[in-house]
Amino acid sequence: MPHKYAVIGNPVDHSLSPAIHAEFARATGHDIAYGRVLAPLDGFRAAVLKFRDEGGSGLNVTLPFKHEAWHLSSTRSGFALAAGAVNTLAFKGGEIVGHNTDGIGLVRDLTRNLRVPVRGKRVLLMGAGGASYGVMEPTLREQPQSLVVANRTLEKAIALVGHFEKLQQYALEGIAARPYDALAGTQFDIVINATSAGLEDAMPPVPDSVFAPGALAYDMVYVKRTPFIQFAQEHGARASDGLGMLVEQAAESFFIWRGVYPETRAAIAMLRRQMQK
Ligand code: NAP
């Protein structure tokens with residue numbers, strides 16, 4: 001009998017996670033069945049418990065349930081604790097263990113796949129939603145020079161920075177919240193777009209002067225070429241979408257469940273080919 005896993009969300013039919021985990025299972029020789037669970041917006045908890053009670057071993061959690069998954073977890077592991085959001089659930093005996101692998105996924109994509117170390121870099125993080133909460137701790141633990149958070153609703157950026165204040169010693173010059181219009185004249189080595197603007201063919205109002213020579217512009221959105229990617233390239237930055245992050249966060253989930261870290265290059269290449277069709 002294969003071990004049962006799934007991605008749970010609403011909507012969930014667009015998720016690439018089944019294809020990614022099928023590739024990991026093939027590459028590692030693990031016998032797993034990975035499906036999709038569409039949970040009613042008011043029925044997340046019941047859907048998780050049903051999946052577990054029917055023999056499920058673990059779940060990936062996507063929008064809009066990552067915060068609810070944090071509350072449902074009986075134990076929160078690693079980066080999930082501070083993130084306040086959980087994207088991976090592992091069922092261990094009677095325990096529901098919650099993890100957040102989004103930040104590890106981002107850091108691995110930056111440092112291993114794109115070969116851009118975060119250590120000593122000036123980092124701009126745009127957005128103050130769930131994705132930003134997930135990546136703050138892993139990014140800070142890489143010891144950047146500085147980490148500035150900008151958001152359309154400034155109060156949310158201020159709250160985010162306040163939430164991670166205790167970790168600010170990891171960044172040499174600390175962390176700060178800024179409105180977009182205060183960024184003119186400041187340069188960054190890594191500019192991360194963690195907003196959902198690209199999904200609506202929009203981009204955050206970031207000045208073109210933010211890109212230091214050789215800067216990397218990273219958009220977490222991966223379903224399309226976003227205005228931010230285009231803007232960054234027009235202003236001399238190297239640009240990447242978030243497909244590598246998606247695959248790397250999935251690899252960390254696979255490791256949590258199966259104890260084996262799958263090779264990720266084949267999965268990234270497979271998805272790139274699929275998206276070009
Ligand atoms: P969220 O909680 O809904 O937050 C959305 C953020 O985007 C907020 O900060 C919001 O600003 C900002 N925003 C939205 N439209 C904007 C616009 N037109 N101009 C400026 N800012 C705008 O979403 P999330 O969970 O953080 O996810 C953000 C994005 O990351 C999504 O597109 C998601 O698909 C992607 N993501 C990718 C991965 C991956 O593996 N690649 C993992 C996680 C998330 P306000 O606060 O002002 O509303």
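The exercises below, each followed by a worked solution, concern a predicted model of a protein with a bound ligand.

**Exercise 1. The surroundings of the ligand**

Find how many residues surround the ligand, and sort the residues of this shell into nonpolar, polar and charged.

Solution. Begin with the count: the ligand is surrounded by 25 residues, and the closest are Ala-128, Ala-131, Asn-151, Arg-152 and Thr-153. Next, sort the shell by residue type, which gives 13 nonpolar residues, eight polar ones and four charged ones. Finally, look at the domains, and you will find that domain 1 (3-100 + 244-276) and domain 2 (103-241) each supply at least three residues to the shell.

**Exercise 2. Backbone atoms beside the ligand**

Which polar backbone atoms lie within 3.5 Å of an N or O atom of the ligand, the cut-off for a polar contact? Consider Ala-131, Gly-242 and Leu-246 in turn.

Solution. Start with Ala-131, where a backbone N or O atom is 2.8 Å away from an oxygen atom of the ligand, a distance that falls within the 3.5 Å limit. Turn then to Gly-242, which has a polar backbone atom 3.0 Å from a nitrogen atom of the ligand. The last step is Leu-246, whose polar backbone atom is separated by 3.4 Å from an oxygen atom of the ligand. As for the ligand's surface, on its own the ligand has 940 Å² of accessible area, and the protein covers 81% of this.

**Exercise 3. The pocket and its elements**

Identify the pocket that the ligand takes up, and name the elements that give two or more residues to the shell around the ligand.

Solution. First, compare the space taken by the ligand with the pockets of the model: this space is the largest pocket. Second, go through the elements of the shell, where those giving two or more residues are the helices α6 (130-141) and α9 (243-258).

**Exercise 4. Backbone angles in three loops**

Where in the chain do the cis peptide bonds before Pro-11 and Pro-64 lie, and which loop holds Arg-115?

Solution. Take first the bond from Asn-10 to Pro-11, which is cis with omega near 5 degrees; Pro-11 belongs to the loop between β1 (3-9) and α1 (17-28). Continue with Leu-63 and Pro-64, which are joined by a cis peptide bond with omega about 0 degrees, and place Pro-64 in the loop between β3 (56-61) and α3 (66-72). Lastly, Arg-115 sits in the loop between α5 (102-113) and β7 (122-126), and its phi is near 55 degrees, a positive value in a residue that is not glycine.

Key:
Residues are numbered from 1 along each chain as its sequence is written. This is a predicted model: local features need pLDDT of at least 70, side-chain atom pairs count only at pLDDT 80 or more; totals for chains, interfaces and linings use all residues. Side-chain values use heavy atoms; hydrogens and water are left out. A residue is near a molecule or strand if one of its heavy atoms lies within 4 Å of it. A polar contact is a pair of N or O atoms within 3.5 Å; within protein, one must be able to donate a hydrogen and the other to accept it, and residues adjacent in sequence count only if both atoms are side-chain atoms. Accessible areas come from the Shrake-Rupley method with a 1.4 Å probe; for residues, only the protein chains shown count as cover. On a 1 Å grid over the protein atoms alone, a cavity is a set of points where a 1.4 Å probe fits but cannot get out, and a pocket is an open set with protein on both sides within 12 Å along at least five of seven lines; lining residues have an atom within 4 Å of a point. A molecule sits in a cavity or pocket if more than half of its atoms lie within 2 Å of its grid points. Helices (H or I, at least four residues) and strands (E, at least two) are DSSP runs, numbered from the N terminus. Ala, Val, Leu, Ile, Met, Phe, Trp, Tyr, Cys and Pro count as nonpolar, Asp, Glu, Lys and Arg as charged, and the others, Gly among them, as polar. Domain bounds come from an automatic or database domain assignment.
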